[in-house]
There are 4 protein chains.
Amino acid sequence: MIVNMFGDASEEQINHIVARIKECGYQAHVIRGEERTVIGIVGKSDRHRSELEALSSAPGVEEIVKISHPFKLAARSCRPEGTVLDLGKGVTIGGREVVVAAGPCAVESAEQIADIAAKVAKAGAKLLRGGAFKPRSSPYSFQGLGEEGLKLMRDAADKNGLLVVSEVMDPSQIEIMMPYVDVMQVGARNMQNYHLLRGLGEIDKPVLLKRGMSATIEELLLSAEYIMSGGNYKVILCERGIRTFETYLRNTMDIAAIPVIKSLSHLPVVADPSHGTGRRDKVAPMARAAVAAGADGLIIEVHPDPERALSDGVQSLYPDQFTQLMKEIRLIAQAVDREIA
Amino acid sequence: MIVNMFGDASEEQINHIVARIKECGYQAHVIRGEERTVIGIVGKSDRHRSELEALSSAPGVEEIVKISHPFKLAARSCRPEGTVLDLGKGVTIGGREVVVAAGPCAVESAEQIADIAAKVAKAGAKLLRGGAFKPRSSPYSFQGLGEEGLKLMRDAADKNGLLVVSEVMDPSQIEIMMPYVDVMQVGARNMQNYHLLRGLGEIDKPVLLKRGMSATIEELLLSAEYIMSGGNYKVILCERGIRTFETYLRNTMDIAAIPVIKSLSHLPVVADPSHGTGRRDKVAPMARAAVAAGADGLIIEVHPDPERALSDGVQSLYPDQFTQLMKEIRLIAQAVDREIA
Amino acid sequence: MIVNMFGDASEEQINHIVARIKECGYQAHVIRGEERTVIGIVGKSDRHRSELEALSSAPGVEEIVKISHPFKLAARSCRPEGTVLDLGKGVTIGGREVVVAAGPCAVESAEQIADIAAKVAKAGAKLLRGGAFKPRSSPYSFQGLGEEGLKLMRDAADKNGLLVVSEVMDPSQIEIMMPYVDVMQVGARNMQNYHLLRGLGEIDKPVLLKRGMSATIEELLLSAEYIMSGGNYKVILCERGIRTFETYLRNTMDIAAIPVIKSLSHLPVVADPSHGTGRRDKVAPMARAAVAAGADGLIIEVHPDPERALSDGVQSLYPDQFTQLMKEIRLIAQAVDREIA
Amino acid sequence: MIVNMFGDASEEQINHIVARIKECGYQAHVIRGEERTVIGIVGKSDRHRSELEALSSAPGVEEIVKISHPFKLAARSCRPEGTVLDLGKGVTIGGREVVVAAGPCAVESAEQIADIAAKVAKAGAKLLRGGAFKPRSSPYSFQGLGEEGLKLMRDAADKNGLLVVSEVMDPSQIEIMMPYVDVMQVGARNMQNYHLLRGLGEIDKPVLLKRGMSATIEELLLSAEYIMSGGNYKVILCERGIRTFETYLRNTMDIAAIPVIKSLSHLPVVADPSHGTGRRDKVAPMARAAVAAGADGLIIEVHPDPERALSDGVQSLYPDQFTQLMKEIRLIAQAVDREIA
């Protein structure tokens, strides 16, 4: 950290800061410039970090500038070659292959999920996505089929050689979900639900962690750190659109977050153009853009009859559109020296 | 809802939409303008609402415009005269009085909380705030004293005639907290933690619900609706700053949200200028602004030794500053025909 | 427009709105729902539009919802097949080819611009970009070479078969620039400088209009409308990143704006990944993403010695990196059935 | 500036940065921490600042952190006691008095402006506001009466002892406006129109500079610096709402910007709650909040018949509402030890 003093800070104020830094177990390097003094803080102790931060409102201090990132296990420097995760059934993510998960927003019935599983598998998806527990911003909306939905999804996936990814909303659901899913998904609204993150840190199963809709990239990596600090290093990050002033689409997809995260972290990164755009006709261009920018995978909503879907119908692809999209991203993957099996 | 068709939508497309609206149990009113056709949807059934929304990507449709708000119990029309909540010990919120909660970010020790409780009570606070369970974006930061912290806070409050408000982070903590706190606080990061909201809907205790850092006012009211739809109508809303491009302060306090919420809802609204600004020297002007704009209360961080606080020291007031602030907002309260006892 | 009345609006209030609508020369369609009344406004007259908008704060009115877009000449419906612009020297934009403009942020010297022009031409660029008049947020920064810079750029372009695109900042510069440039660029900060837009509406030369850093897509199209309403239909739109809460990169590139604009408008759309990211190592992935999402062109900063550039060195590619980037986007262009000659 | 090196930066990379810093005429202070090396740059030369900034993408560099603010004349340190500007007719701003400007969005007719001038003067306004040149986002909207409007406004103001503030949109209008107005207003869309700012730097008349809708506070102060660096130190800053994800109101008023600007700069600060909210019924609470937070003045839209206003009717107060508002803010001003004469 660097303490940036005001131009008119007094000697006494500077000395006070230096003394406090030492009191906290760090060294202080004072650099006196022509316009102002800055004080570099050196040392590894993390114990008194919050006290150091509190100095930012001490007299004479304009601001504290943080230099090092607060995440460690998730940092690229921790595994410079990148992480390749084995998801099961021979599917790996983070390597050469671009992996696609597809399926409905919510599991609605045995017929619906069986139908769509067969179709997305045929088109080249490797995972079946679908919600059994649904986070809905209105208490009056459809809330999901629960465990019954998980069973239906597991069956449909197994019959088509697919893996299962589904959202967990609360620590109490982890145990119920374990037998049915291959990848636990954490939704955007729960990215900073620390109880849930801690719970997922204690299991041995990959976690797909979605970026909160107003979370910075650093905060996303800190949430990954929560899971990893518990011992579960199998984390996949997901860009799914952020909230900005532009409201033509439901979210603004931060495609640049993909290469940024690849620089900052060794973890695989996927993109969700369905939630990222919220409109069916914009899913394909953004899926292509994500792969072109280096995404390790995609997660796409597909529904056999979107107009009658119980949720997210507006952004779900028709099965034919998904098949067409897979053709397009296969070409894009080749252009960036990746592949879709 | 209104369906806004593209200018070049065909008769067939218009007819399809009309048919789907009827299929869902609603009436369709077609208005043919010179440039385009719009279709009004009339009816009360909420059953097929998501299917109606899915029409927004049907051929020929430009967008679906929602007309009515999705919250009902929280709406002003539900109780036009406004809600006045009895918090206990003769303290009410939502009426003429402006109620102030004050205390440290986190309970750190018996001495700390006893010291600060005496000081804030003397200055005129009616509630003692303080965290026992702390949500921290880094897994390596101080996480709170847990139940021991609750006990210390209860003792300190009782000795000074104060009520207790403290944050609940997970449904599993509700039972532990019930004997110790008078108001359950839901933090900004948990505003859409629906399991937690449902849990709080089943208890009989006031809930202070903080606005998520990128939540719209409508989403805040929908989260209140989650709690109320469970039977607990004792909800207090809290503006605590939103995330914008302006980063000089930690958040941008949306002071206008206060009168907007007062128009849309009957629930009391308080402001948190400590988190809203993140800097000690900006807390007082924003506290004054909030009261001037019509806030029913304030929640303020005060610490006996902010430079040594284990968290949020940078934004905590010194006790003397809090006493001064209380004097200032008493005058502001009078100017807007309110009072601070 | 649709007038959305409050649920408790009185008959008198509804009648007042209907009367005002008729007074303004429009027809009113009243739809009475179970929860509220909405009033559709039909008619083509634009004369009293602002008076209609003012109704949104009349008693009993919750909001006015605008249905039709305020841009007309820029709308897709005006030319459904899309616009293909001839820029000169056989270069067209908006058709099958993806057109690339490249060069330094600012023209600094004859050697610099000659050097870079030869290199970008060889790599496949069709336009030379470079600033002679520079908008700088600090009055103490380098402000450009002025007309001398334009001459140097014209010479360098002509020797390498390139077209010239350069920024115009004020109506007074239009005449000076006309002989030197093939495309007039309007910078993000001037997107709503209406005097400048009107001036450009009166010339017969293509205009590259950059999106303001907090402009909605609709506002961008309205600014295009300003130019087109003056008679100059040769407008190219440019996505260059918007301002959001995410500050790791200088801007958040709104890649989805590319397909959205293609739906709403017939005008060609290009992307500027240099300003969109502000970091050299993120330019290539975002250039690829833009082409994958359907961009008609790119504008890229390249400098012979970025570390010594007088401006924007941090985001300028080295010439070798640009040559490599051209190879990559050629492959992406093919994958989306486009080409780079 | 501080250069923050990556943890794995090589000695060679560090040495390269140190050499470049010296080459640019600055001193380099290398601080080697346990996790990474940071390099402080000391020196006053501004010549090579952009080259230093370009180092942020040199190999081994994670980022460049700017320490000092780029504005100087506008900085508080330049005049620690604050600036009190004499506007004429005995009105000063920046001192004890809170100064109010009021009037219609646009001058529409002699009757309209005479009527409203008399009413706002009687209620206590000191300046008459009104537009003669209107920036409109649509080319099809009412564009103002031009010089005729200025004459009407001057007459109306003089008859009522008021000063005149009106918006200048282009350098070419400065000369026309000089005889009619007492304060030149720069609108939010022109905050970074550098030609206009330079033009205003050369006159001897106060300038009211509105914050751009997505401008940071630092950028606002840099725009003030543009004017001041030309020799005109008479600048008044204006907070008028920023663009955020919250769209219930037209803008999000950044009330905290008022005390922040007062800390960073010596210039007077006013607030515009009419544009800041865009809704008549929210103007009063936000006007009160601005004064409570320390604003030196307000600028308010008032119209004799808002429902028939040619622009901004939705946010214009009725004259009676303005009179009531003046009573309220007089009380608030007293509560913060200020006054409204």
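**Entry 1: two helices in chain A**

I began with a pair of helices and found that α10(A) and α11(A) cross in a right-handed way. The model I am reading is a predicted one. Helix α10 covers residues 280-292 of chain A, and helix α11 covers residues 319-335 of chain A. I looked up their axes, which come within 9 Å and cross at roughly 25°. Angles under 35 degrees count as roughly parallel. Therefore α10(A) and α11(A) are roughly parallel to each other.

Which residues of α10(A) and α11(A) meet? From α10(A) I listed Ala284(A), Ala287(A), Arg288(A), Val291(A) and Ala292(A). They meet Leu325(A), Glu328(A), Ile329(A), Ile332(A) and Ala333(A) in α11(A). I then sorted the residues of this contact by class: eight are nonpolar, none is polar and two are charged.

**Entry 2: the barrel in chain D**

Next I traced the strands of chain D. Eight of them form a closed barrel, in the order β7-β8-β9-β10-β11-β12-β13-β14. The pairing is parallel. I checked the turn between neighbouring strands of this sheet, and it is 25° on average, direction ignored.

I picked one strand pair to follow. Strand β10 of chain D holds residues 183-186, and strand β11 of chain D holds residues 207-210. They pair in the parallel sense over three bridges. Which residue of β11(D) stands opposite Val186(D)? I found Leu209(D) there.

Then I looked for a helix lying on these strands. Helix α7 of chain D, residues 217-229, lies across β11 and β12 of chain D. Strand β12 is residues 235-239, and the helix runs at about 160° to β12(D).

**Entry 3: chain D against chain A**

I turned to the copies. Two copies of a chain are related by a rotation about an axis and a shift along it. For chain D on chain A, I noted a rotation of 180° with 0.0 Å of shift along its axis. The RMSD of that superposition is 0.0 Å. That is the relation of a two-fold axis. Which C-alpha of chain D is nearest the axis? I found that of Phe245(D), 2.2 Å from the axis. The same surface serves both copies, as 100% of the contact residues of chain D recur in chain A.

How many residues does the contact take from each chain? I noted 23 from chain D and 23 from chain A. On the chain D side, β1 (2-5), β2 (27-32) and β3 (37-42) each supply at least two residues. β3(D) gives the most, with three residues. By class, I recorded seven nonpolar, 10 polar and six charged residues on this side of chain D.

**Entry 4: chain B against chain A**

I repeated the search with chain B. A rotation of 180° with 0.0 Å of shift along its axis superposes chain B on chain A, with an RMSD of 0.0 Å. Ser214(B) is the residue of chain B whose C-alpha comes closest to the rotation axis, at 2.9 Å. Again I found one surface serving both copies: 100% of the contact residues of chain B recur in chain A.

This contact takes 45 residues from chain B and 45 residues from chain A. Which helices of chain B each supply at least two residues? I listed α2 (49-54), α6 (194-201), α7 (217-229) and α10 (280-292) of chain B. The largest share, five residues, comes from α7(B). I closed with the classes: the side of chain B that touches chain A has 17 nonpolar, 14 polar and 14 charged residues.

Definitions and conventions
Residues numbered from 1 in each chain as written. Chains lettered and ligands numbered in written order. Predicted model: local features only at pLDDT ≥ 70, side-chain atom pairs only at ≥ 80, totals over all residues. Contact = placed C-beta atoms within 7 Å. Helix = DSSP H or I, 4+ residues; strand = E, 2+ residues; numbered from the N terminus. Nonpolar A, V, L, I, M, F, W, Y, C, P; charged D, E, K, R; others polar. Least-squares fit on C-alpha atoms with pLDDT ≥ 70 in both. Pairing = 2+ DSSP bridges. Axes fitted to C-alpha atoms, helices over the stretch in contact; angles between N-to-C directions. Parallel < 35°, antiparallel > 145°, perpendicular 65-115°, else oblique. Left-handed = near helix turned anticlockwise from the far one by under 90°.
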